[in-house]
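Got your viewer open? Keep the selection box handy, and we'll walk through this one stop at a time.

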Amino acid sequence: SAFLLNRSSDLLKTRKMRFRLPAAFHINFQAAPKPKGCLKTIPPQQPNNQETPMTFAYFSILIFALFNSLCSLLAKKSARLLDAEANREPRRHRAQASGKAARLFAAEQNGYEMLPLYAAAVIIAHATGEAAQSTVNTLSAAFLLLRAAYIWAYAQDKAALRSNIWYGCLMCIVALFIAAC
């Protein structure tokens, strides 16, 4: 076991269980050298009563989520699935979709896959306080514009262009993480 028990005579004297950590688990309480680069020591912040403003970058997370709903709506319109009957079993109709409707459904799915990563990048860029707000907003606007272009390229079946735009979206996310350093 990782913990070694002290001698039994010590236990009988104190009537308390005491554990001794192996040398590998000893904690050094001396000040650690300050890390360089992205990994910085962040001092604890005192709670303040100021409200956090709703920035464009935060709002862009909602806009991006709505892009996915727009993809679904356009796909259903393209496949003529906007009637009540099609709404009873939407997954069955989605599986049977072809052409532009299938591509728009795929764009919607890709949006749901990328949403958590984008939201994390925006929140972390804000939380660290290292990135200028204008940088975070600019990268968020670029991401949304690229995402709109991605949906268009997916719907028009322009595979090479779509892939390049997807990498542009990914680079915006990476830039948000780098800006947070």
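## Stop one: α2 against α6

Start by selecting Phe56, Ala57, Ser60, Ile63, Phe64, Phe67 and Cys71 in α2, then add the residues they meet in α6: Gln133, Val136, Asn137, Ser140, Ala141, Phe143, Leu144, Arg147, Ala148 and Ile151. Color that contact by class and you get 12 nonpolar, 4 polar and 1 charged residues. The two axes are 9 Å apart, and the packing angle is about 10 degrees. With angles under 35 degrees counted as roughly parallel, α2 and α6 are therefore a roughly parallel pair.

One thing to keep in mind as you click around: this is a predicted model. The chain has a mean pLDDT of 78, with 64% of its residues at 70 or more. If you color by confidence, look at residues 1-12, where pLDDT stays under 50. For that stretch the model has 18 contacts beyond four places in sequence.

## Stop two: a buried asparagine

Stay on α2, which covers residues 56-78, and pick asparagine 68. Is asparagine 68 buried or exposed? Its relative accessibility is 1%, so it counts as buried. Which residues touch it once neighbours within four places in sequence are set aside? Show Glu108, Gly111 and Tyr112, and you have them.

## Stop three: α6 against α7

Now bring up α6 (residues 133-155) and α7 (residues 159-179). Their axes come within 9 Å and cross at roughly 165 degrees. Since over 145 degrees counts as roughly antiparallel, that is why α6 and α7 get that label. From α6, the contact takes in Thr135, Val136, Leu139, Ala142, Phe143, Leu146, Arg147, Ala149, Tyr150, Trp152, Ala153 and Tyr154. On the α7 side, select Leu161, Arg162, Ile165, Trp166, Gly168, Cys169, Cys172, Ile173, Ala175, Leu176 and Ala179. The class split here is 19 nonpolar, 2 polar and 2 charged. Sight along the pair to check the handedness: α6 passes α7 in a left-handed crossing.

Between these helices there's a loop, and aspartate 157 lies in it. Check its backbone torsions: phi is positive, about 60 degrees, although aspartate 157 is not a glycine. Aspartate 157 has a relative accessible area of 49%, so it comes out as partly exposed.

## Stop four: α5 against α7

Keep α7 on screen and add α5, residues 100-128. Their axes come within 8 Å and cross at roughly 25 degrees, which means α5 runs roughly parallel to α7. This crossing is left-handed too, with α5 passing α7. For the contact, select Asn110, Met114, Leu117, Tyr118, Ala120, Ala121, Val122, Ile124 and Ala125 in α5, which meet Trp166, Cys169, Leu170, Ile173, Leu176 and Phe177 in α7. Here the residues divide into 14 nonpolar, 1 polar and no charged.

## Last stop: glycine 129

Step into the loop between α5 and α6 and select glycine 129. At 57% relative accessibility, glycine 129 counts as exposed. Finish with a distance label: how far is glycine 129 from cysteine 181, C-alpha to C-alpha? The two are 9.0 Å apart in space, with their positions 52 residues apart in sequence numbering.

Technical notes:
Residues are numbered from 1 along each chain as its sequence is written. This is a predicted model: local features need pLDDT of at least 70, side-chain atom pairs count only at pLDDT 80 or more; totals for chains, interfaces and linings use all residues. Side-chain values use heavy atoms; hydrogens and water are left out. Axes are lines fitted to C-alpha atoms, for helices over the stretch in contact, and angles run from 0 to 180 degrees between N-to-C directions. Helices (H or I, at least four residues) and strands (E, at least two) are DSSP runs, numbered from the N terminus. Angles under 35 degrees count as roughly parallel, over 145 as roughly antiparallel, 65 to 115 as roughly perpendicular and the rest as oblique. A crossing is left-handed if the near helix is turned anticlockwise from the far one by less than a right angle, and right-handed if clockwise. Contact means heavy atoms within 4.5 Å. Ala, Val, Leu, Ile, Met, Phe, Trp, Tyr, Cys and Pro count as nonpolar, Asp, Glu, Lys and Arg as charged, and the others, Gly among them, as polar. pLDDT is the predictor's confidence in each residue, from 0 to 100. Buried means under 20% relative accessible area, exposed over 50%, partly exposed in between (1.4 Å probe, protein chains only).
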